[in-house]
Every structure is written in C-alpha cells, then in structure tokens.
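Grab a pencil and work through these exercises with the structure open beside you. Try each task before you read its solution.

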Amino acid sequence: MRLFIPGPVNVEEDVLKVMSSPMISHRSKSASCLQQSISKNMQILWNTKNSILLSTSSGSGLMEAAVKSLILKKGVFFSLGAFGNRWYEMAIANGKEADIYEVEEGYSNKAEFIDSILKKGCYDFAAITHNETSTGVENPLIDISNVMKKYSEIIFAVDTVSSTGGVDIDVDSCKIDFCVTSTQKCLGLPPGLSICSISDKAINRTKQVENRGYYLDLLTLYEYTINKDYQYPATPSLSHMYALDYKLNKIINIEKKENRFQRHKLLADITRDWARDRYKLLVKDNNYSDTVTAVVNSRETDLKMLSSKLKDQGYVFSNGYGKLKDKTFRIAHMADTTIEELKAYLETIDKLI
Ligand SMILES: *Cc1c(COP(=O)(O)O)cnc(C)c1O
C-alpha cells in the first residue's frame, strides 16, 4: 500500500532493513556512539548547537515533557488547530497554569498579535505549532521568532512534528529553546521515537521546576545524554535509533537538505495546483504547508467511497482531522514521496471523482 496520509509514511526498504539490525547493549560504547552520531546529524538538520535529546515515545511524549519540565509560572499556547490545542490540553492535564489563543481554521498566528499578548508579562513559556497538520498551515516562524526574541524570560517551544525533514528550520537563528519532532512524518521512519533540541536556557529552567516526572523529565534525559556520554536513562528503542542515524546520513549526505526541501516545495506546488482546479484550499492567508495540503470538499465528493476505491488501487487516503473530518480531506506530500508517485496518485483520484 502507498500511504498518502500525514504520518505514518512509507518507509524505504533499506531503512526497514537497518531497523532490523542485531541488538547491542544499551549501556555499550556502541550505543553511545549511535546516539552521538544522531545528535550530530540532528544538529546539522536543525542548524543548531543546542543539545539533542531522544525519547522512546512518539512526538506527543516530548511535547508533554516540555510542559512538565519547562513551565514554571504560566504557559501560553498559540494554536492553529488540533495539535496546538492538544499541547495546551497536556499543560492543563499536568496541572500547569496556561492560556490558549486559537486562530480560526486555515489562518496562521500573527506575530503582532503574539507580541500584544506577551507584552502583558504573565508568561514564562510560549508554544507554537510550526506546521499544523490538520489545516495545512505553516506558521511564519521567522516573524514569530523575531517577536519571541524580545522576551528573554520566555522559553520558546516549537512543534515541528510535521515539518522537520521536509522544511528548513533554523533553530539557532530563530532562538528556539525547545524544538520537537517525531520519526514517522517527514523523516520517513516508522513511529515510536521523538527528538528535541534544547537550549541551555531551557535546561536552566528545568532546574527550577518541581515534579517534572521521571520518564519524560527533560533534565534526566539531558544529564544522561550530555554528562554520561550519550546514554539514555531507560532502554531506548535501539532499532529506531539505527534507522534514524542511517536515514539522517542519507538526508544530509546523499539527497542533501536543500534538494529535499526543494522537492517538498515542488510536491506542495503540484498538489495545490491540482486542488485549486478541482476544489478549494483550506488555507486562507497564503501560509501554505509544504508537507501537507488540506482540501475543502467543495464539490461534495463522497469521501468514504473515494477512500474505499483508492484502497482497491493500493492507496491509503486521508480525510480531514478532528472537526474537519467530513469537511476536508488531506494529501500528505512528505518524506520520500517522489513527483511521479504524487502525480500517479492525483491521476488516480481524477479517475474516481
Ligand atoms: C502528528 C503530530 C503530532 C503528534 O505526534 P505523535 O508523534 O503522533 O505523537 C503533533 N503535532 C503535529 C503538528 C503533528 O502533525
């Protein structure tokens, strides 16, 4: 089956093979070398000198870790929809003080608005979603980060789960304190591992916060990684780590970052042109995602029928997410999807609608 859903994505054969490498001791030198190599490559991918931490959990694990370990006084969440809302809910579920500002679906967060909220001085943690997978909106990260830079007491956290590996993210020039992603979207790996970068400022914050939990405590993860030679506090998914290290090497040294990001742009352009000619796009202010397109079902296609017919042809189709389930459908164009594969998928849909 070919997956055109926004995660999990198809995983290349060679990556799957690497995933089945024989086990080693997670306390061995080899395990340290593996984690160190992943760190080095993630720093290249994210343009950062910040420390890289891994978690054997999907992205939600490290998102929860962030709210538990980094909010001291009060957090604020600027949400574009489902995933931003979920991050805020995690804060509340962990007994944290937090506020949320959600935009209407299809819009991005505006830097001036964020500035007007932060000016009030109530917050020490602010989170945004870089790429909202339910609406196909990519936030203007540079504009927003320029506002965040004015507030040195605030830890700036960014969910890049559905953009890392598909879009260039410059963690250091945006001064992102906590940047999180997971393996099963644009990185093209199976689900089960998440990755974050963390600044010294954020590490200092964890030291002030009590009751950070244990398994998801960012300070514990940091201490094992940095002070104990790239170890992990529990037993990590070494299989994912092998695959991630291998895949990052492919992205950086074989396909090359710029080519990968360019390919994602091209895939997005083709998808949007296709969708504009047949339906409407959900995005309202031109902040289009390069990794997923949300299409408004303006000609009332029977999406259940379409999905089932596509399944017969070997494709996994994605409808909308959450409250957009029946109003929209989504086309993921991320990870290792080729132009030819995308065009074949769109041509197949054309024969069915
Ligand atoms: C998929 C997704 C998540 C959740 O990540 P998991 O790895 O499934 O836990 C969070 N945020 C965004 C933007 C996503 O696309």
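**Exercise 1. Place Tyr230 in the chain, then find what stands out in its backbone.**

Solution. Start with the place: in this predicted model, Tyr230 sits in the loop between helix 8 (218–227) and helix 9. Next, look at the backbone angle: phi of Tyr230 is near 55°, a positive value in a residue other than glycine.

Now do the same for Ala335. Its loop runs between strand 15 and helix 12 (339–352). Phi of Ala335 is also positive, near 65°, and again the residue is not glycine.

**Exercise 2. Find the cis peptide bond that involves Pro8 and say where Pro8 lies.**

Solution. Step one is the partner: the cis bond joins Gly7 and Pro8, with omega at about -5°. Step two is the location: look for Pro8 in the loop between strand 1 (2–3) and helix 1 (13–19).

**Exercise 3. Work out the strand order of the open sheet of four strands, and name its edges.**

Solution. Strands of a sheet pair through backbone hydrogen bonds, either parallel or antiparallel. Here the order is 11-12-15-14, and the pairing is antiparallel. For the edges, look for strands that pair on one side only: these are strand 11 (280–281) and strand 14 (318–319).

Then zoom in on one pair. Strand 12 (residues 292–296) and strand 15 (residues 328–332) run antiparallel and are joined by five bridges. To check the register, pick Val296: its bridge partner in strand 15 is Thr328.

**Exercise 4. Split the chain into its domains and describe how they touch.**

Solution. First, the bounds: the domain assignment gives domain 1 as 14–253 and domain 2 as 256–352. Taken over C-alpha atoms, their centres are 26 Å apart. Domain 1 brings 35 residues to the contact, and domain 2 brings 24.

Second, the area. The size of an interface is often given as the accessible area lost when the parts come together. For domain 1 and domain 2 that buried area is about 2400 Å², with carbon and sulfur atoms giving 52% of it. On the domain 1 side, Glu105, Ser134 and Gly136 supply 20% of the area buried against domain 2, more than any other three residues.

Third, the polar side of things. Between the two domains there are 20 residue pairs in polar contact. Helix 2 (29–46), helix 4 (82–93), strand 7 (137–138) and helix 9 (238–255) each supply at least two residues of the side of domain 1 that touches domain 2. Helix 9 gives the largest share, five residues. Sort the residues on that side of domain 1 by type and you get 12 nonpolar, 14 polar and nine charged.

**Exercise 5. Count the salt bridges, then check two pairs against a cut-off of 4 Å from nitrogen to oxygen.**

Solution. Side chains of opposite charge can pair when their charged atoms come close. The total comes to 19 salt bridges, and the interface of domain 1 and domain 2 has three salt bridges across it.

Pair one: Lys110 and Asp285 meet at 2.6 Å, N to O, which passes the cut-off. Pair two: Arg205 and Asp124 meet at 3.7 Å, N to O, which passes too. This second pair links distant parts of the chain, 81 residues apart. Arg205 is in helix 7 (residues 200–206), while Asp124 is in the loop between helix 5 (111–118) and strand 5 (125–129).

Conventions: Residues are numbered from 1 along each chain as its sequence is written. This is a predicted model: local features need pLDDT of at least 70, side-chain atom pairs count only at pLDDT 80 or more; totals for chains, interfaces and linings use all residues. Side-chain values use heavy atoms; hydrogens and water are left out. Two strands pair if DSSP finds at least two bridges between them. Domain bounds come from an automatic or database domain assignment. Contact means heavy atoms within 4.5 Å. Buried area is the accessible area (1.4 Å probe) that two parts lose on being put together, summed over both. A salt bridge is a side-chain nitrogen of Lys or Arg within 4 Å of a carboxyl oxygen of Asp or Glu. A polar contact is a pair of N or O atoms within 3.5 Å; within protein, one must be able to donate a hydrogen and the other to accept it, and residues adjacent in sequence count only if both atoms are side-chain atoms. Ala, Val, Leu, Ile, Met, Phe, Trp, Tyr, Cys and Pro count as nonpolar, Asp, Glu, Lys and Arg as charged, and the others, Gly among them, as polar.
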